[in-house]
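Please open the structure in a viewer and keep a selection tool at hand. The tour below proceeds stop by stop, stating what to select and what is found there.

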Amino acid sequence: MGLRSFIVMKDLIDLKIFARPDTAIEADIAAKICEKHGFIFEREKREKGGGVHTIVEVIEPPTAKTIEEEPQEQLELRAPIITFMGHVDHGKTSLLDAIRKTKVVSGEAGGITQHIGAYSVVHNGHPITFIDTPGHAAFSEMRARGAHVTDIVVLVIAADDGFMPQTVEALNHAKAAGVTIMVAINKCDLPTANIMRVKQQLQERDLMPVEWGGSTEVLEVSATKGTGLDSLLETMSLQAEVLELKANPKASMRATVIESRMDPGRGPTATVIVQSGTLEVGEPFICGPYFGKVRTLINDLGQNIKKVMPGMPAELVGFNGLPNVGDEVIEMETERAAKRLSDERLEEIRLKKLAVPRRSSLETLFANIEDGQRKNLRLVLKTDVQGSLEAIIKMLHEIKTDKVDIDILHSAAGPISEGDILLASASDAVVIGFNVKIESTAVSVAKREVVQVKLFSIIYELVDQVKEAMLGLLDPETREKPLGHARIKQVFKLTRGIVAGCVVTDGRIERKARARVLRGGQSVFDGHMDTLRRFHDEVPEVRNGLECGIRVAGYTEYQEDDVIECYLLEKFAQAL
């Protein structure tokens with residue numbers, strides 16, 4: 001199995017069997033050990049030289065099918081996957097609704113998208129897959145898990161509002177993902193529409209429209225009137241052709257979860273988009289720590305289907321637990337192999353949860369320093385209003401020191417949210433709030449992630465606490481405090497070792513202090529006192545003018561007229 005012997009011995013102890021590395025064990029015990037480490041134990045009897053010999057084979061368990069480099073002739077064009085992103089209420093869902101000619105919005109509270117939906121539309125005989133996201137949260141979550149699902153991002157901007165905070169965030173996420181960006185200027189039919197202003201805002205953010213000599217496709221549409229939708233679909237198809245999106249439908253199946261929920265009638269259900277291979281009913285699979293077998297496949301029209309091709313979405317039923325957004329569904333050889341891999345992954349997760357990481361707190365930052373490496377105080381700062389936020393940031397940056405850096409990872413006005421806690425957890429930062437409350441959902445997350453949240457109502461208290469934390473990051477300075485000197489008059493060789501007979505010339509010599517042997521003014525040895533005696537008695541100290549016997553630990557080469565210097569090491573806190 002390629003394991004060290006002590007690991008196997010520990011496993012045997014758990015089974016109440018105490019064995020040495022050369023001890024033989026029973027076959028059923030060996031089978032249990034193999035199973036624990038994910039191996040299969042098999043015995044095979046073969047005849048050899050007239051006798052029957054038992055040959056033991058430890059077989060590596062089957063894991064997820066590997067995806068090899070596909071030969072070009074097996075690759076086929078697949079549907080492009082397009083995500084609509086933008087500010088809330090700029091018409092992402094209405095636009096998708098107009099394209100699908102169905103009323104997705106009507107069943108949703110307040111017109112805000114409640115979950116990610118994936119839909120397929122056929123344009124001129126070619127399928128296009130759409131993902132409708134609630135802003136950019138789910139998109140970034142998928143990216144954080146390494147899932148690159150989207151081929152093209154359509155940035156939806158309302159012609160009357162122009163760029164809004166979430167529009168900028170959505171654009172930053174799309175740029176970070178390195179995907180093709182198209183812009184749909186929606187609500188062009190409104191009298192307050194200002195298309196030229198939106199195009200200027202795009203130009204300022206390095207998205208030069210094609211008509212202005214740039215490379216970004218900018219289309220004017222209206223979801224309510226249905227204008228410009230054909231040209232939008234046509235441009236999407238052209239962009240997809242340029243990208244030459246291909247996949248092999250005969251390869252090992254891999255799909256990505258873009259939404260998951262617990263369905264009362266069907267259990268854990270996930271919306272998936274197939275990346276390669278073909279997803280078919282009856283296939284065993286592994287998805288993150290969970291396994292399953294495809295029981296049901298439902299398309300975006302609510303119809304039961306037998307298989308899903310690359311680039312296409314479907315709702316998958318058959319998980320044994322609720323998967324996370326961005327997890328990959330991977331085809332397995334057998335359901336048994338999938339279950340074994342699932343058990344291993346669940347055990348890994350359990351062990352990680354048991355090992356709770358030590359988080360930073362303002363009081364214990366000093367205890368967290370390891371080998372003086374950490375000289376960076378990370379903060380997540382939330383305040384009641386923008387004005388106090390700017391004032392606090394200015395005051396924190398005015399703390400004059402070249403020894404510690406203050407790194408403000410995120411700062412904003414508003415209550416402390418779950419996102420702030422997760423950011424602090426990932427970066428090992430401290431969350432500081434000024435005149436704000438912490439959201440109820442964030443309280444439980446802070447306890448679970450062991451993140452410290454400090455709330456203040458006086459700016460100077462906040463700044464003082466940060467200064468104290470910065471001081472805690474600095475290693476204390478060590479200084480020597482001389483106590484006294486003793487000159488060696490005679491060296492004695494006793495049965496217990498060599499002892500220096502001395503007279504104290506100044507100060508005092510302490511038994512618990514450090515000692516340095518000086519010869520000709522130069523240090524020849526530095527250590528600590530082993531013995532300090534007056535006549536035959538061990539004493540705690542000897543004062544000026546008195547004689548004593550000294551033995552310094554680890555040193556024997558004393559000479560007459562050497563000087564033994566006695567000193568203490570004191571630690572002082574550094575100043576910023």
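Which residues of H9 are buried? Select helix H9, residues 386-397, in this predicted model. The buried residues are Ser388, Leu389, Ile392 and Leu396. Viewed down the axis of H9, these buried residues fall within an arc of 105°, so they line one face of the helix. In general, an α-helix has 3.6 residues a turn, so residues three or four places apart point the same way. Now turn to the face of H9 directed away from its buried side: Lys394 and His397 are the exposed residues there. The length of H9 may also be checked. At 1.5 Å a residue, its twelve residues should span 16 Å, and the end C-alpha atoms are 17 Å apart, which agrees.

**From H9 to strand S21**

Keep Leu389 selected and add Ala412, which touches Leu389. Ala412 belongs to strand S21, residues 405-413. Leaving aside residues up to four places away in sequence, Ala412 also touches Leu381, Lys382 and Thr383. Display the C-alpha atoms of Ala412 and Lys382: 5.2 Å separates them, although the two residues are 30 residues apart along the chain.

**The whole chain**

Zoom out to the entire protein chain. It contains twelve helices and 31 strands. Of its 576 residues, 44% count as buried. Among contacts with a separation of 6 or more, 68% are between residues 24 or more positions apart.

**Helices H1 and H2**

Next, select H1 (residues 5-14) and H2 (residues 27-36). Their axes come within 11 Å and cross at roughly 115°, and H1 passes H2 in a right-handed crossing. Which residues make the contact? From H1, show Val8, Asp11, Leu12 and Asp14; from H2, show Ile29, Ile33 and Lys36. Sorted by class, this contact has four nonpolar and three charged residues, with no polar ones.

**A loop residue with distant partners**

Move to Leu245, in the loop between helix H7 (229-243) and strand S10 (246-247). Is Leu245 buried or exposed? Its relative accessibility is 11%, below the 20% limit, so Leu245 counts as buried. With residues up to four places away in sequence left out, Leu245 touches Glu76, Leu77, Arg78, Pro80, Asp151 and Ala240. Adding Leu75 to the view shows a C-alpha separation of 9.4 Å from Leu245, with their positions 170 residues apart along the chain.

**Helix H5 and the residue after it**

Select H5, residues 165-177. For its 13 residues, a rise of 1.5 Å a residue gives an expected span of 18 Å; the end C-alpha atoms lie 19 Å apart, which agrees. Colour Thr167, Ala170, Leu171, Ala174 and Ala177, the buried residues of H5. Looking along the axis of H5, one finds them within an arc of 125°, so they line one face of the helix. Step on to Gly178, which follows H5 and has a positive phi near 70°.

**Lys187, H6 and Asp206**

Continue to Lys187, in the loop between strand S8 (180-186) and helix H6 (195-204). The phi of Lys187 is positive, near 60°, in a residue other than glycine. Most residues other than glycine have a negative phi. Lys187 is partly exposed, with a relative accessible area of 22%.

Now select H6 itself. Which residues of H6 are buried? They are Val198, Lys199, Gln201 and Leu202. These residues cover an arc of only 155° around the axis, which puts them on the same side of H6. To see what they pack against, show strand S7 (152-158), S8 and S9.

The last stop is Asp206, just after H6, in the loop between H6 and strand S9 (218-220). Like Lys187, whose phi is near 60°, Asp206 has a positive phi near 60° and is not a glycine. Is Asp206 buried or exposed? Its relative accessible area is 68%, over the 50% limit, so Asp206 is exposed.

Key:
Residues numbered from 1 in each chain as written. Predicted model: local features only at pLDDT ≥ 70, side-chain atom pairs only at ≥ 80, totals over all residues. Heavy atoms only, no water. Helix = DSSP H or I, 4+ residues; strand = E, 2+ residues; numbered from the N terminus. Expected span 1.5 Å × (residues − 1). Buried < 20%, exposed > 50% of the residue type's maximum accessible area, 1.4 Å probe, protein only. Arc of directions from axis to C-beta. Axes fitted to C-alpha atoms, helices over the stretch in contact; angles between N-to-C directions. Left-handed = near helix turned anticlockwise from the far one by under 90°. Contact = heavy atoms within 4.5 Å. Nonpolar A, V, L, I, M, F, W, Y, C, P; charged D, E, K, R; others polar.
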